[in-house]
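Open your viewer and get ready to click along. This tour suggests what to select at each stop and tells you what is there.

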Amino acid sequence: MGSAGKLTGVPFATRRVGPLTTLNRRQVLGGLLAAGAAGSLAGCGLVDPGPAVPAVAADPLEKLTVEKQGLVDLYDATISAHSSLAERLRPLREAHREHRDALLELLDARRRAALARATPAVPGPSGSAPSAPRGTPAGASPTAALTALRAAEKAASAASRAACLAETGGSERVTVLGSICAGEASHEVALA
Amino acid sequence: MSGEADRLQLALAAENASVYAYGVIGAWLTGDELGWARAGDLAHRRQRDAVSDLITASGGTPTPAAPAYQLPKPVTGRAAAVVLAAEIETRAAAVWRSALGSLTGNGREVALDALVGSAVRAAQWRTAASPGKPPVVPWPGGSSS
């Protein structure tokens, strides 16, 4: 697709990408996922790693960011499957979107660029989202769906807690991670 | 006094005020809500002790609790007690959030657990104050930046 070409032409490495208004967030996340796969193939010597990407170490927040996208996808799937829960779940989904975006903005711009470049499957720049969410399917009944969401929030909060305690990249990152952890923990109350 | 020591003293003051407030709040509640108030009181006593230890360990002196604290509004019944509980937990979350970033090791863990505990209790009290309204706060203790 020509869309991937358009992305590679953007001089990401020479300027900071701002608050991700122009680059679709799913494109970046698609890049994160695909870059992980490409990295493991290159490590096995199966593929040529290609032109050098900027030497910026992988950031532990990348995995966490992908997990937050997974939560957004799970809420999307649950809201589509159970319209009776929609009003209750939308504010929670929005909170996870905010968390995901805050994490994306903490990533080094060169790292985001390298990830976007490494990805042949980045969707087009039109802002169109992939048609099907990647996340876990929603629970079969509203009750089962709420139980699944509570479990997902609990796991997410534990992962955010571990990331916050392990963080060595400065106070802003620590604060954002701690606040995300607290937000996720409090979501269990809203899902009770 | 360093910024970190200031923030720990602020957290201690918030914990002392929370313990005082829960004493007032609990007097107006019954059943599950009284149980939440007791749990909140206990959590804040533990956090008060934990932050006092952090202050002492860093060479400071914990500021003693005041004999009484000015409440934002007089508490004259169950509804006002629940609203006050939501408010003190929201304030405690904010204080701990601002202490969190500069702390490392055990101090960071104390601050994070305090922030999480206050966020969860704030959500619980907000639900009690306005049933049916999802108590969603994306950034407990403050905005993302």
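Start by selecting α6(A). At 1.5 Å a residue, its 25 residues should span 36 Å, and the C-alpha atoms at its two ends are indeed 36 Å apart, so expectation and model agree. Keep in mind throughout that this is a predicted model.

Stay on α6(A) and colour its buried residues: A:Ala145, A:Leu149, A:Ala152, A:Glu153, A:Ala156, A:Ser157, A:Ser160, A:Arg161, A:Ala163 and A:Cys164. What do the buried residues of α6(A) pack against? Show α3 (60–81) and α7 of chain A, and then α4 (105–129) of chain B, and you have the partners of these buried residues. As you look along the helix, recall that an α-helix has 3.6 residues a turn, so residues three or four places apart point the same way.

**Chain A as a whole**

Now zoom out and select chain A. Its secondary structure comes to seven helices and zero strands. Of its 192 residues, 39% count as buried. Among contacts in chain A between residues at least 6 apart in sequence, 80% join residues at least 24 apart.

**Two helices inside chain A**

Next, show α4(A) together with α7(A). Two packed helices are described by the angle between their axes and the distance between the axes. For α4(A) and α7(A), the angle is about 165° and the axes are 11 Å apart. These two helices are therefore roughly antiparallel to each other, and their crossing is left-handed.

To see where they meet, select two sets of residues:

- from α4(A), pick A:Leu92, A:Ala95, A:His99, A:Ala102 and A:Leu106;
- from α7(A), pick A:Arg173, A:Val176, A:Ile180, A:Gly183, A:His187 and A:Ala190.

Coloured by type, the residues of this contact of α4(A) with α7(A) divide into seven nonpolar, three polar and one charged.

**Where the chains touch**

Bring chain B into view. The contact between the chains takes 23 residues from chain A and 24 residues from chain B. On the side of chain A that touches chain B, α4 (86–106), α6 (142–166) and α7 (171–190) each supply at least two residues. Which helix gives the most to this side of chain A? That is α7(A), with 14 residues. By type, the residues on this side of chain A divide into 13 nonpolar, six polar and four charged.

Keep α7(A) selected and add helix α3 (residues 78–100) of chain B. This pair packs at an angle of about 145°, with axes 8 Å apart. The contact is made by A:Val174, A:Thr175, A:Gly178, A:Ser179 and A:Ala182 of α7(A), together with B:Ala93, B:Arg97 and B:Leu100 of α3(B). Four of the residues in this contact are nonpolar, three are polar and one is charged.

**Two stops in chain B**

Still on helix α3 of chain B, click B:Trp96. Is B:Trp96 buried or exposed? With 31 C-beta neighbours inside 10 Å, B:Trp96 counts as buried. Leaving aside residues up to four places away in sequence, B:Trp96 touches B:Ala11, B:Ala111, B:Ala114, B:Leu115, B:Ser118 and B:Gly141. Try a distance label from B:Trp96 to B:Ala111: they are 15 residues apart along the chain, and their C-alpha atoms are separated by 5.6 Å.

Finish at B:Thr61, in the loop between α2 (31–57) and α3 of chain B. B:Thr61 is exposed, with 9 other C-beta atoms within 10 Å. For a last label, join B:Thr61 to B:Ala5: the two are 56 residues apart along the chain, with C-alpha atoms separated by 9.8 Å.

Terms used. Residues numbered from 1 in each chain as written. Chains lettered and ligands numbered in written order. Predicted model: local features only at pLDDT ≥ 70, side-chain atom pairs only at ≥ 80, totals over all residues. Contact = placed C-beta atoms within 7 Å. Helix = DSSP H or I, 4+ residues; strand = E, 2+ residues; numbered from the N terminus. Nonpolar A, V, L, I, M, F, W, Y, C, P; charged D, E, K, R; others polar. Axes fitted to C-alpha atoms, helices over the stretch in contact; angles between N-to-C directions. Parallel < 35°, antiparallel > 145°, perpendicular 65-115°, else oblique. Left-handed = near helix turned anticlockwise from the far one by under 90°. Expected span 1.5 Å × (residues − 1). Buried ≥ 20, exposed ≤ 12 C-beta atoms within 10 Å, placed from the backbone.
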